[in-house]
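Work through the exercises below with the model open. Try each task before reading its solution.

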Amino acid sequence: MKEIDSKFKAWHKWLIVLGCGFGIAIIQPPEGVTREAWTLLAVFIATIVGSIVQPLTGSAMVLLGVVALALFRAVPIEKALSGYADKFVWLVLAAFFISRAMIKTGLGHRIALIFVRLIGKKTLGLGYSLVFTDFILASFIPSTGARSGGIILPIARSVTETYDSRPEDGTEGRLGTFLMSMLYQCEVILCATFLTGQASNVIIAGFAAKQANIDLNYSIWFISAIVPSLISLAAVPLMIYWLFPPEVKETPNAVSFAHEELKKLGPLKKDEKILLVVFIAVVILWITAKLHGIDSTVIALLGISTLLVTAVLSWRDLIDETHAWEVFIWYGGLVMMATALGETNIPTLFAGSVSSITTGWSWPLALAILALVFFYAHYTFASITAHVTAMFIPFLAVTVAVGAPAGLTVLLLTYFANLSAGLTHYGTTPAPVYFGLGYVTQKRWWTIGLIASVINILIWATIGPVWWKLLGWW
């Protein structure tokens, strides 16, 4: 009976996907829109819906979408596969391989323990020690799953159990509820802080370049984000600490735990030293890209090559990094679909129809309303990628059409796309990982997410534009 029920659910999901695709495809295209462009839109929407309901994995759904575009002749096969030659897709792939090295060598674990030993005596300091670790890792590891699941979460869970805080026996409120809530809300802020903060940021950078001719390279992204990010990283944890305080306020055992773990690890090993040098070199080269002119993807691939030559990573390590290859498949496909759709006049028509609603509005008011709609639309999305690919280009076109500065609009939508993932327990990859441990109830999660969203919006929509104006970005 259970097997029949699961099959029914799978068929139900397929009906939703196919219904969306064929439902749009059979409608007569608006005037000025070609049948090929309309078919492209139908396949794109079906792919996005499929990525949300997931009758198959997201990567498989995107691959089916790529095949469908070529089969129904919406685009030539060369165009359908062109996304896999995109440099940003290879940048993400290389960064995932670096994250593999971070976990394999244990360097990420060591960095986290060092921070816990330094500032982990109090509960808030313990939380910040892991956030600082995540900050460093996010500067070059786009895999939120690797950062959270492979490095941050194991240490956080070990410490909570040291203080007998477990959801199984009703003691999650002692420490675990606060710590898991803080770590996830800070995670989405760090996603917004770096181009490598999470994987779909490179898609946003590609959209900004192709749709608004704005270069969101590594250094511009970071410099633009750092001021509002630091303020959010200070304000949101304090909000959680004041409104939902942990029972345990002092955590000296965390320091002892970190000290003992570091003793077991011993001094830096050869592979850790090599990885540390490569990490520092890659980040410095990314930040100074304007000076030396080496493309960021070339820098990342050079870093991977160095790790291969020095045997920190083996070729088998790269082949076995299945998540990286999954991301490669769905990123390449989505980049191609979104780019091809942006080259049609469909986004322009959409912008024109929405602009008619905002006729007479000042651009600041129109931008504010549309940005809020864009932000809270994430309640309906289970990933930042799906949110971005479905809404970024249309909302960018609409806001620019009403007179909003392109630079300001791009930055606001870029950071809102990441920050909005804090709303729910399914907002992005680490969300179900943290939530699934059982330390935080859904009611508590959504309440904290909503309050944090208000704080983040106020910071990034007020301090952010002032900072970006000083930088001359708009």
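**Exercise 1. Classify Leu71: buried or exposed?**

Solution. This is a predicted model. Start with the accessible area: Leu71 has a relative value of 61%. The cut-off for exposed is over 50%. Leu71 is therefore exposed. Next, place the residue: Leu71 belongs to helix α3.

**Exercise 2. Find the nonpolar surface patch that includes Leu71, and state which helix gives the most to the patch.**

Solution. List the members: Leu18, Phe22, Leu63, Val67, Leu71 and Phe72 make the patch. Its area is about 600 Å². Now assign elements. Two of them, α1 (2-25) and α3 (58-71), give two or more residues each. The top contributor is α3, with three residues.

**Exercise 3. Determine how Asp86 and Lys210 interact, and where each one sits.**

Solution. Check the distance: N to O is 3.4 Å between the two side chains. The limit for a salt bridge is 4 Å. The pair therefore qualifies as a salt bridge. Then locate the partners. Asp86 is in the loop between α4 (77-80) and α5 (87-105), while Lys210 is in helix α10 (residues 201-212). The two are 124 residues apart, so this contact links distant parts of the chain. Finally, compare exposure. Asp86 has 14% relative accessible area and is buried. Lys210, at 47%, is partly exposed.

**Exercise 4. Analyse the salt bridge between Glu250 and Lys122.**

Solution. The closest N and O atoms lie 2.8 Å apart. Both partners are in loops: Glu250 between α11 (218-243) and α12 (252-265), Lys122 between α6 (107-119) and α7 (123-138). Their separation along the chain is 128 residues, and the pair links distant parts. Accessibility is 44% for Glu250, which counts as partly exposed. Lys122 is also partly exposed, at 46%.

**Exercise 5. Explain why the salt bridge of Arg147 and Asp134 ties together separate parts of the chain.**

Solution. First the contact: the closest N and O atoms of Arg147 and Asp134 are 2.7 Å apart. Then the elements. Arg147 lies in helix α8 (residues 144-162) and Asp134 in helix α7, so the pair ties together parts 13 residues apart in sequence. As for exposure, Arg147 and Asp134 are both buried.

**Exercise 6. Count the salt bridges in the structure, and name the residues joined into one network by shared partners.**

Solution. The total is 13 salt bridges. Follow the shared partners: Arg100, Lys104, Asp317 and Glu321 are joined into one network.

Note on methods:
Residues are numbered from 1 along each chain as its sequence is written. This is a predicted model: local features need pLDDT of at least 70, side-chain atom pairs count only at pLDDT 80 or more; totals for chains, interfaces and linings use all residues. Side-chain values use heavy atoms; hydrogens and water are left out. Helices (H or I, at least four residues) and strands (E, at least two) are DSSP runs, numbered from the N terminus. Buried means under 20% relative accessible area, exposed over 50%, partly exposed in between (1.4 Å probe, protein chains only). Patches are made of residues with over 30% relative accessible area and no salt bridge: like charges are joined within 9 Å, nonpolar side chains (Val, Leu, Ile, Met, Phe, Trp, Tyr) within 5 Å. Accessible areas come from the Shrake-Rupley method with a 1.4 Å probe; for residues, only the protein chains shown count as cover.
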